[in-house]
Structures are given as C-alpha cells and as structure tokens.
Amino acid sequence: MKIWSDSFADNATIPGEFAFGVIDPEQHVKLSQNKNPHLAWNDVPDGAKSFVVICHDVDVPSKGDDVNQEGRTVPADLPRVDFFHWVLIDIPADVREIAATSHSHGITPHGKFGPEALHNMRHGINDYTGWFANDPDMAGDYYGYDGPCPPWNDTLLHHYVFTVYALDVERLPVEGRFDGAQVRQAMAGHVLAEAHLTGVYTLNPNLL
C-alpha cells in the first residue's frame, strides 16, 4: 500500500497551517490554523473492509521538567515517547482520500466533538486531552485531529508519522471514548497492510 499527501512531501516540513502552534518571535508560540492535512492512499489489498488513520509524534520528551521553560532546553538525548495527534477509525472500504480541512480547521478550546465523525467514521481522543487536563481554559476531550506544537525549546526536530492501516473488519471493537493505544490493541490481528508518511516540525528557531 502507498500513502501520500498534497499538503507536504514525505520527510519534509509540515506547513504551519496544519499545526496547532507556529513560531512567534516575542511569545515563542502562537496558535495556528490547525487544519488536518490531505492524505491519500492506493494499492489496497484484496479483502480490505475498512481503514484506520493514526498520526503520532515519536519525539515527545519523556519528562517535562525542561519543556517550554525560559533559560532551559530539552536535551536531544532525553528518552522520547509517542504522542497521538489523530486517531480516525471505521473509514469505509471505498475511501481512498481525506481532504485537507475536512476534519479540522481551527482550534477548539476544550476539544472538538466526538467520537462521531463524517460518513459514519469515528474519532478517538488525541493526547492534547492529557496535556490540557489541568488547564481550566482548555481542558476537555480532544477528539479528532490537532496538529503539531512541540516544545519551543526542544533541541530535537520532531517527526510526525501518518499511518493508514487496511483492516479485515468493517468496524473496530472499541466503543465510546477511546484513544490511540486502545485502537492499536483492537487492530492486532486485523491489519492486512499499512503505509507510512512522515512530516517534520519544530518551534525552535535554532533548528530552522
């Protein structure tokens, strides 16, 4: 299976319009347009009954002690963990493309509605749900796509992996509020093929 995007090339920088935050010369970061990017795929295996799309950042700091702290940096050798930015399941078998802005255009404080999505698809929560949990102005369940906003003082370029999975089931056996880890577990044994597209992003001017 193959995946591509008209929004950015594989291993290229994700444009700021598809990010949650962009560089601000005075405040380090300002909110962006937060559009979901275009995705398309082909060479689908026989027997595919649905698709799943997951986007995750593989370079999130495992400790937050230095994150976004003045006069400090997040060292590149700090162990990193996954951060889910988009979990979309039950994509119909005849779909081969997701249009840019079709699932996200702008930032929604307290999170977008879910899990219901377009055309009987379903969204999981992304990891901004946990990130904003203690912020009364932003706390909530963040369903659907919310784009990159890595620490502005991180010395490591972040990599965002968009993966499309072809499954042998029409509907994944997860219900209600679910996250990326639960979807990965539910997909086990049902993946016929998968394809990956990686974009990079940073809010650290020193890495540009």
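The following is a conversation between a trainee and a mentor about a predicted model.

Trainee: What makes the contact between aspartate 82 and arginine 184 a salt bridge?

Mentor: A side-chain nitrogen of Lys or Arg has to lie within 4 Å of a carboxyl oxygen of Asp or Glu. For aspartate 82 and arginine 184 the N to O distance is 3.2 Å. That value meets the cut-off, so the pair counts as a salt bridge. The structure holds twelve salt bridges.

Trainee: Which parts does the pair of aspartate 82 and arginine 184 tie together?

Mentor: Aspartate 82 belongs to strand β7 and arginine 184 to helix α2, so the salt bridge links parts that are 102 residues apart in sequence. Helix α2, residues 180–187, lies across β6, β7, β10 and β11. Its direction makes an angle of about 60° with β7.

Trainee: How do you know that β6 and β7 are paired?

Mentor: Pairing needs at least two bridges between two strands. Strand β6, residues 50–61, and strand β7, residues 80–92, are joined by nine. The requirement is met, so they are paired, and they run antiparallel. As an example, histidine 56 has phenylalanine 84 of β7 as its bridge partner.

Trainee: What is the order of the strands in the sheet that holds β6 and β7?

Mentor: The order is β2-β11-β10-β6-β7-β9, six strands in an open sheet. Two strands stand at the edges, β2 (12–13) and β9 (122–123); each has a single partner strand, so one side of each is left without a neighbour in the sheet.

Trainee: Why is the pairing in that sheet called mixed?

Mentor: Strands of a sheet can pair either parallel or antiparallel. In this sheet β2 and β11 run parallel, joined by two bridges, whereas β10 and β11 pair in the antiparallel sense over ten bridges. Both senses occur, so the pairing is mixed. Alanine 12 has glycine 199 of β11 as its bridge partner, and tyrosine 165 stands opposite glutamate 194 in β11.

Trainee: What makes β5 and β8 a pair, with how many bridges?

Mentor: They have two bridges, in the antiparallel sense. The cut-off is at least two, so β5 and β8 count as paired. Leucine 39 has isoleucine 98 as its bridge partner in β8. These strands belong to an open sheet of three strands in the order β1-β5-β8. The edge strands there are β1 (2–4) and β8 (97–98), and each pairs on one side only.

Trainee: How are β3 and β4 joined?

Mentor: A hairpin joins β3 to β4 through three residues. Four bridges link the two strands, which run antiparallel. In β4, lysine 30 is the bridge partner of valine 22, and leucine 31 stands opposite glycine 21.

Trainee: What lines the largest pocket?

Mentor: There are 26 lining residues, and Val67, Asn68, Trp131, Cys149 and Pro151 lie nearest the centre of the pocket. The elements giving two or more residues to the lining are β4, β6, β7, α1 (128–131) and β10. Strand β7 gives the most, with four residues. The space in this pocket is about 490 Å³.

Trainee: How do the lining residues of the largest pocket divide into nonpolar, polar and charged?

Mentor: The lining has 18 nonpolar, five polar and three charged residues. Trp, Cys, Val and Pro count as nonpolar, so Val67, Trp131, Cys149 and Pro151 fall in that class. Asn is not among the nonpolar or charged types, so Asn68 counts as polar.

Trainee: What is the omega of the peptide bond between glycine 114 and proline 115?

Mentor: Omega is about 5°, and the bond is cis. Proline 115 lies in the loop between β8 and β9.

Trainee: What is notable about phi of aspartate 43?

Mentor: Phi is near 55°, a positive value in a residue other than glycine. Aspartate 43 lies in the loop between β5 and β6.

Key
Residues numbered from 1 in each chain as written. Predicted model: local features only at pLDDT ≥ 70, side-chain atom pairs only at ≥ 80, totals over all residues. Heavy atoms only, no water. Contact = heavy atoms within 4.5 Å. Axes fitted to C-alpha atoms, helices over the stretch in contact; angles between N-to-C directions. 1 Å grid on protein atoms, 1.4 Å probe; cavity = no way out; pocket = protein on both sides within 12 Å on 5 of 7 lines; lining within 4 Å. Points joined across faces, edges and corners; volume = space filled by probe spheres on them.
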